[in-house]
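Subject: Handover of a structure and notes on its analysis

Dear colleague,

Please find below the structure that I am handing over to you. I would be grateful if you would read the notes beneath it with the coordinates open.

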Amino acid sequence: MSLKDRITEDMKAAMRAKEADKLTTIRMLLAAVKQKEVDERVVVDDVALVAIVDKLIKQRKDSLSQFTAAGRMDLADKEAAELTVLEAYLPQRLSADEIQAAVNAIVAELGAKGPGDMGKVMGAVKAQLAGKADMGLVSAAVKQALSQ
């Protein structure tokens with residue numbers, strides 16, 4: 001079963017169980033998928049779907065920090081609930097040590113020497129670790145590897 005099918009099935013289950021918050025979040029995710037399909041005239045596969053989920057999670061984390069800083073706990077709780085629903089659709093993430101090992105291997109493979117090679121390394125790392133790792137952690141690992 002593809003990830004998109006799983007999300008659709010979860011939407012149906014949320015409708016039957018009358019879980020309004022979960023249903024709203026899943027519909028928002030499916031709307032983002034549909035928007036990408038219409039805009040780019042493509043059929044979204046699992047890799048692209050994970051990228052969409054990643055983007056939505058990043059948005060939720062940013063909003064959560066903003067609402068918490070502003071003292072709007074009602075909105076922060078809503079964002080946290082959406083974050084929990086969205087994270088269920090991500091594959092198992094790599095640990096920081098696994099990310100560092102993968103980055104070091106790619107840096108050695110490409111022969112990258114310093115910060116000037118950041119773009120080249122990030123392109124290769126993104127291709128290999130897309131959907132498997134938090135790109136914020138990956139970027140930090142690349143910077144660390146290139147500064148040595």
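The notes below go from the overall fold to the helix packing, the cores and the loops.

Please bear in mind throughout that this is a predicted model.

Overall fold

The protein contains seven helices and zero strands, and its pattern along the sequence reads α-α-α-α-α-α-α. The C-alpha trace spans about 55 × 40 × 25 Å along the principal axes. Of the 148 residues in the protein, 32% are buried. Among contacts with a separation of 6 or more, 57% join residues that are 24 or more positions apart.

Packing of helix 2 and helix 3

Two packed helices are described by the angle between their axes and by the distance between those axes. For helix 2 (residues 20-40) and helix 3 (residues 46-69), the angle is about 125° and the axes are 10 Å apart. Helix 2 is therefore oblique to helix 3, since an angle between 115 and 145 degrees falls in neither the roughly perpendicular nor the roughly antiparallel class. The crossing of these two helices is right-handed.

On the side of helix 2, the residues that meet helix 3 are Met-28, Leu-29, Ala-32, Val-33 and Lys-36. Their counterparts in helix 3 are Ala-48, Leu-49, Ile-52, Val-53, Leu-56 and Arg-60. Sorted by class, this contact has nine nonpolar and two charged residues, and no polar ones.

Nonpolar cores

The largest nonpolar core has 22 residues, of which Ile-7, Ile-26, Leu-29, Val-53 and Tyr-89 touch the most other members. At least two residues of this core come from each of helix 1 (3-17), helix 2, helix 3 and helix 4 (73-87). Helix 3 gives the largest share, with seven residues. Leu-29 and Val-53 thus appear both in this core and in the contact of helix 2 with helix 3.

What does Tyr-89 touch, not counting residues up to four places away in sequence? The residues in question are Leu-3, Arg-6, Ile-7, Asp-10, Ile-26, Leu-29 and Val-53. A second, separate core is made up of 16 residues, including Ala-102, Ala-112, Val-121 and Ala-141.

Loops and backbone angles

Two residues other than glycine deserve a mention for a positive phi. Lys-18, in the loop between helix 1 and helix 2, has a phi of about 55°. Its relative accessibility is 72%, so Lys-18 counts as exposed, the cut-off being over 50%.

Arg-41 is found in the loop between helix 2 and helix 3, and its phi is near 50°. Is Arg-41 buried or exposed? Arg-41 counts as exposed, because its relative accessibility is 77%.

The loop between helix 2 and helix 3 also holds Val-42. With a relative accessible area of 37%, Val-42 is partly exposed, because that class lies between the 20% limit for buried residues and the 50% limit for exposed ones. Leaving aside neighbours within four places in sequence, Val-42 is in contact with Lys-36 and Glu-37. Of these, Lys-36 is also one of the helix 2 residues that meet helix 3.

With kind regards

Terms used
Residues numbered from 1 in each chain as written. Predicted model: local features only at pLDDT ≥ 70, side-chain atom pairs only at ≥ 80, totals over all residues. Heavy atoms only, no water. Axes fitted to C-alpha atoms, helices over the stretch in contact; angles between N-to-C directions. Helix = DSSP H or I, 4+ residues; strand = E, 2+ residues; numbered from the N terminus. Parallel < 35°, antiparallel > 145°, perpendicular 65-115°, else oblique. Left-handed = near helix turned anticlockwise from the far one by under 90°. Contact = heavy atoms within 4.5 Å. Nonpolar A, V, L, I, M, F, W, Y, C, P; charged D, E, K, R; others polar. Core = buried A, V, L, I, M, F, W, Y, C linked by side-chain atoms within 4.5 Å. Buried < 20%, exposed > 50% of the residue type's maximum accessible area, 1.4 Å probe, protein only.
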